[in-house]
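Here are my notebook entries from a session of looking things up in one model. Pull up a chair and follow along with the viewer open.

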Amino acid sequence: MSKRDYYEVLGVSKSATKDEIRKAYRKLSKQYHPDLNKEPGAEEKFKEVTEAFETLSDETKRAQYDQFGHADPNQGFGGFGGGGSADGFGFEDIFSTFFGGSTRRRDPNAPRKGDDLQYTMTIDFMEAVFGKETEIELPREEECETCHGSGAKKGTSAKTCTHCGGTGQISVTQNTPLGQMVNRRTCTHCQGTGKIIPEKCETCHGTGRVTKRKKIKVTIPAGVDDGQRLRISGQGEAGANGGPAGDLYIVFRVKAHDKFVREEDDIYLELPLTFPQVALGDEIEVPTIYGNVKLKIPAGTQTGTNFRLRGKGVKNVHGHGTGDQHVIVKVITPKKMTEKQKELMREFASIDGNSPDEYSSSLFDKIKRTIKGD
């Protein structure tokens, strides 16, 4: 039976990024993992998904697959176009011969750092301002405790691949128009690991990894803003071959507040005031993120006036000082007035016909007396 297209297996497009391929694999591997899915055929689908991921997540293998599909690129095709020849050697083999014998490859058994993880955390406005200790739970791949990451059944061990001698590569001597060439290929029996697992671990089915839900304590730093990230070292997925774990990145999403608006480390508050308050002046209590404070409103305050409360903003997340709070005055025009209020407003309007800029201090005193009813 012919193999399905690897992109079709993972449900991604041919232009998919590494992250998109990895996300698709994680989703499908959990869906068909034999420990979680007991339906007939689940294990075969799990193996198919794993094979597709192993090819498409490796840049070299993916490039070969995109060009040749499931066919062996070293079986030969006409001409030098596309990097090969009729005898199945490629330009890589030519360079290998003239520039040092063999192409350097990464040791498949060398320690490798685990993948990084990202978690989006939604927090309240005040939690972002003052910080908080909390706990999150997320799924991640960890080393299998049964086989300690070897993939072998308990009491057994992985064996050195007899086909490649544990190197992960097979050397094939080929006759070419330029002479005899040595082509090194990834061993298909051990997939380049240099090891064969005769009896696979029943817990992880030979992968050496299991998916678990892990609880992690998180300290939300005071002053964190929307969109900022927090790195927690070593809390990503487990490394391979004894390599260190990856890191966890937490992206913060901060909910809006019903009164305060934040811009960097400054806080803005719109303060509604009545006409008598701004005309005569007043002393009121204004809310801040630290509690109410008294604010003196001078007589004659105009709408849009900005009162600055120094040090009443957010403490900088990096320790670079504290922002301010800006109180923006908005004069409220009454929609309904009593007859007495209307009478006073008419009297006020008839006192002087000059523009507001031409009022003298004595006239302003008259206005205040009119509003007070003196």
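**Entry 1: a cut-off, then a loop residue.** I began by fixing my terms: a residue is exposed when its relative accessible area is over 50%, buried when that value is under 20%, and partly exposed in between. I also noted that I am working with a predicted model. With that cut-off in hand I looked up Glu-264, which is exposed because its relative accessible area is 65%. Glu-264 belongs to the loop that runs between strand 10 and strand 11. Its backbone caught my eye too: phi of Glu-264 is near 60°, a positive value in a residue that is not glycine.

**Entry 2: another positive phi.** His-205 also has a phi near 60°, again positive and again in a residue other than glycine. I found His-205 in the loop between strand 6 (195-196) and strand 7. His-205 counts as partly exposed, because its relative accessibility is 23%.

**Entry 3: next door to Glu-264.** What does Asp-265 form a salt bridge with? I found Arg-262 as the partner, with the closest N and O atoms 3.7 Å apart. Are Asp-265 and Arg-262 buried or exposed? Both Asp-265 and Arg-262 turned out to be buried.

**Entry 4: the open sheet.** I then traced a sheet of 4 strands, which is open, has mixed pairing and follows the order 10-11-15-14. Strand 10 (260-263) and strand 14 (306-309) are its edges, each pairing on one side only. On average, neighbouring strands in this sheet are turned by 30° against each other, direction ignored. Inside the sheet, strand 11 (residues 266-274) runs parallel to strand 15, and 8 bridges join the two. I picked out one contact to check by eye: Leu-271 has Val-329 in strand 15 as its bridge partner. A reminder to myself for viewing: in a regular strand, side chains alternate between the two faces of the sheet.

**Entry 5: a hairpin.** How many residues lie between strand 12 and strand 13 in their hairpin? I counted 2 residues between them. Strand 12 (residues 282-288) and strand 13 (residues 291-297) run antiparallel and are joined by 7 bridges. One of the bridge partners to click on is Gly-291 in strand 13, which goes with Thr-288.

**Entry 6: salt bridges.** My tally for the structure is 20 salt bridges. Arg-22 and Asp-115 form one of them through their side chains, at 3.9 Å from N to O. This pair links distant parts of the chain, since Arg-22 is in helix 2 (residues 18-32) while Asp-115 is in the loop between helix 5 (91-98) and strand 1 (117-123), 93 residues apart. Arg-22 counts as partly exposed because its relative accessibility is 21%. Asp-115 is partly exposed as well, because its value is 31%.

I moved on to Arg-213 and Glu-137, a salt bridge with the closest N and O atoms 3.6 Å apart. Arg-213 lies in strand 7 (residues 209-220) and Glu-137 in strand 2 (residues 132-143), so the pair ties together parts 76 residues apart in sequence. Arg-213 counts as exposed because its relative accessibility is 54%. Glu-137 counts as partly exposed because its relative accessibility is 37%. I also wrote down a network: salt bridges with shared partners join Asp-19, Arg-22, Arg-26, Asp-115 and Glu-237.

**Entry 7: cysteines.** How many disulfides does the count come to? The answer is 0. Cys-144 is in no disulfide, and the nearest cysteine sulfur, that of Cys-147, is 3.7 Å away. Cys-144 counts as buried because its relative accessibility is 1%. For Cys-187, the closest cysteine sulfur belongs to Cys-190 at 3.7 Å, which is too far for a bond, because a disulfide needs the sulfur atoms within 2.5 Å. Cys-187 counts as buried because its relative accessibility is 1%.

**Entry 8: a surface patch.** Last, I looked at a nonpolar patch on the surface made of Phe-275, Met-337 and Met-345, with about 230 Å² of accessible area together. Met-337 sits in the loop between strand 15 (325-332) and helix 8 (339-351). Met-337 counts as partly exposed because its relative accessibility is 34%.

Definitions and conventions:
Residues are numbered from 1 along each chain as its sequence is written. This is a predicted model: local features need pLDDT of at least 70, side-chain atom pairs count only at pLDDT 80 or more; totals for chains, interfaces and linings use all residues. Side-chain values use heavy atoms; hydrogens and water are left out. Patches are made of residues with over 30% relative accessible area and no salt bridge: like charges are joined within 9 Å, nonpolar side chains (Val, Leu, Ile, Met, Phe, Trp, Tyr) within 5 Å. Accessible areas come from the Shrake-Rupley method with a 1.4 Å probe; for residues, only the protein chains shown count as cover. A salt bridge is a side-chain nitrogen of Lys or Arg within 4 Å of a carboxyl oxygen of Asp or Glu. Buried means under 20% relative accessible area, exposed over 50%, partly exposed in between (1.4 Å probe, protein chains only). Two strands pair if DSSP finds at least two bridges between them. Axes are lines fitted to C-alpha atoms, for helices over the stretch in contact, and angles run from 0 to 180 degrees between N-to-C directions.
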